[in-house]
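Welcome, and please load the model in your viewer. We will move from one selection to the next, with a short note at each stop.

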Amino acid sequence: MNVLTSESKSHAPSAGEMAVYCRQIVKEFGAGDTKTLALRGVNLDVLSGQMTLLVGQSGCGKTTLISIIAGLLNATSGSLEVLGENIIAMTGSQLVRFRQKNIGFVFQQYNLLPTLTAVENAAVPLIIAGQSRREAFEAAKRILASVGLANRMHLLPNQLSGGQQQRVAIARALVHEPRLLVCDEPTAALDAHSGQTVMELLRRVALQADRAVIVVTHDNRVFNFGDRIIHMDDGVVTQVEIPDRVSQEANQMSHKPAASHH
Ligand SMILES: Nc1ncnc2c1ncn2[C@@H]1O[C@H](COP(=O)(O)OP(=O)(O)O)[C@@H](O)[C@H]1O
Ligand SMILES: [Mg+2]
């Protein structure tokens, strides 16, 4: 039981504040001959109000890293703060509560429950967290409407297109209004048009000042949606790229004198 963790106050980050702070995160799987060093000391900052893309070859450690950030997997060593909390020090039940309140997770293959309708799927996290069914369904309907599925609420996953299923999965990940949304290759199974729709939706979420969105992708069709692109290779971060669009926006907002005309 960690006293510091249970007593620390969580405060909502505002735009530009640190949502995730990783230092020297190491993750080993297995032991002896089968030991794999999946992460070899990852340093990473994620800001709220931004869309952070995490890119790199298959096997470089992206899923492992975001699973640790989302509290689904323990790091072997290193420090990690998520929304100002040292989640490594939390007990199992503290971590479950923290996740239920603060984190949404979207998977490549949607992972919807096949026998539940769209609205039932989207309501699941609230029902598990103990809300009444009525409140959970009302929240699920609101969020499905906001992702453009108002007229698909009562269909089963196999009656929806891939892009629509992924939007249901995003609604489910957002239904409890988490401050951190983590998405693992959310467009990989989608055609170009559905992929764009999903990324536009995630970008809308990320631009809310108190929200941070991390998207793992190796889909270069969607790189232009990122505010920061973090490149990984073989278990480490190798480069942090800020697209021209973002640095231009930052320049326009600063008080530099206008460029002279010729
Ligand atoms: N549960 C596991 N047990 C053993 N090795 C694993 C496990 N999960 C991932 N790995 C290994 O860790 C490395 C990173 O995997 P992963 O994070 O899934 O990469 P990515 O998401 O970038 O494709 C790979 O070498 C993979 O085989
Ligand atoms: Mg992966």
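Two strands pair here if DSSP finds at least two bridges between them. Helices (H or I, at least four residues) and strands (E, at least two) are DSSP runs, numbered from the N terminus. This is a predicted model, in which local features need pLDDT of at least 70, side-chain atom pairs count only at pLDDT 80 or more, and totals for chains, interfaces and linings use all residues. Residues are numbered from 1 along each chain as its sequence is written, while chains are lettered from A and ligands numbered from 1 in the order in which they are written.

**Stop 1: the open sheet.** Select strands 2, 1, 4 and 5: in that order, these 4 strands form an open sheet with antiparallel pairing. Strand 2 and strand 5 (85-86) are at the edges with a single partner strand each, so one side of each has no neighbour in the sheet. Now keep strand 1 (residues 18-29) and strand 2, which are antiparallel and joined by 9 bridges. Click on M18 and look across to strand 2, where its bridge partner is L47.

**Stop 2: ligand 1.** Which residues are around ligand 1? Select F29, G30, T36, A38, G56, S58, G59, C60, G61, K62, T63 and T64; a residue is near a molecule if its C-beta atom, placed from the backbone, lies within 6 Å of it. Strand 2 (36-47) and helix 2 (62-69) are the elements that give two or more residues to this shell. Helix 2 has the largest share, with 3 residues. Colour the shell by class and you will find 3 nonpolar, 8 polar and 1 charged residues (Ala, Val, Leu, Ile, Met, Phe, Trp, Tyr, Cys and Pro count as nonpolar, Asp, Glu, Lys and Arg as charged, and the others, Gly among them, as polar).

**Stop 3: helix 6.** Select residues 162-174. The end C-alpha atoms of this 13-residue helix are 18 Å apart, which agrees with the 18 Å expected at 1.5 Å a residue (the expected span is 1.5 Å times one less than the number of residues). Is helix 6 mostly covered or uncovered? Mostly covered: 11 of its 13 residues are buried, meaning that 20 or more other C-beta atoms, placed from the backbone, lie within 10 Å of the residue's own. Among the buried residues are V168, I170 and L174. Add strand 6 (103-106), helix 4 (118-128), helix 5 (133-146), strand 7 (180-184) and helix 7 (192-206) to see part of what covers them.

**Last stop: the whole chain.** Zoom out to 8 helices and 10 strands. Of the 262 residues, 40% count as buried.

Notes: A residue is buried if 20 or more other C-beta atoms lie within 10 Å of its own, exposed if 12 or fewer, and partly exposed in between; C-beta atoms are placed from the backbone. Two residues are in contact if their C-beta atoms, placed from the backbone, lie within 7 Å.
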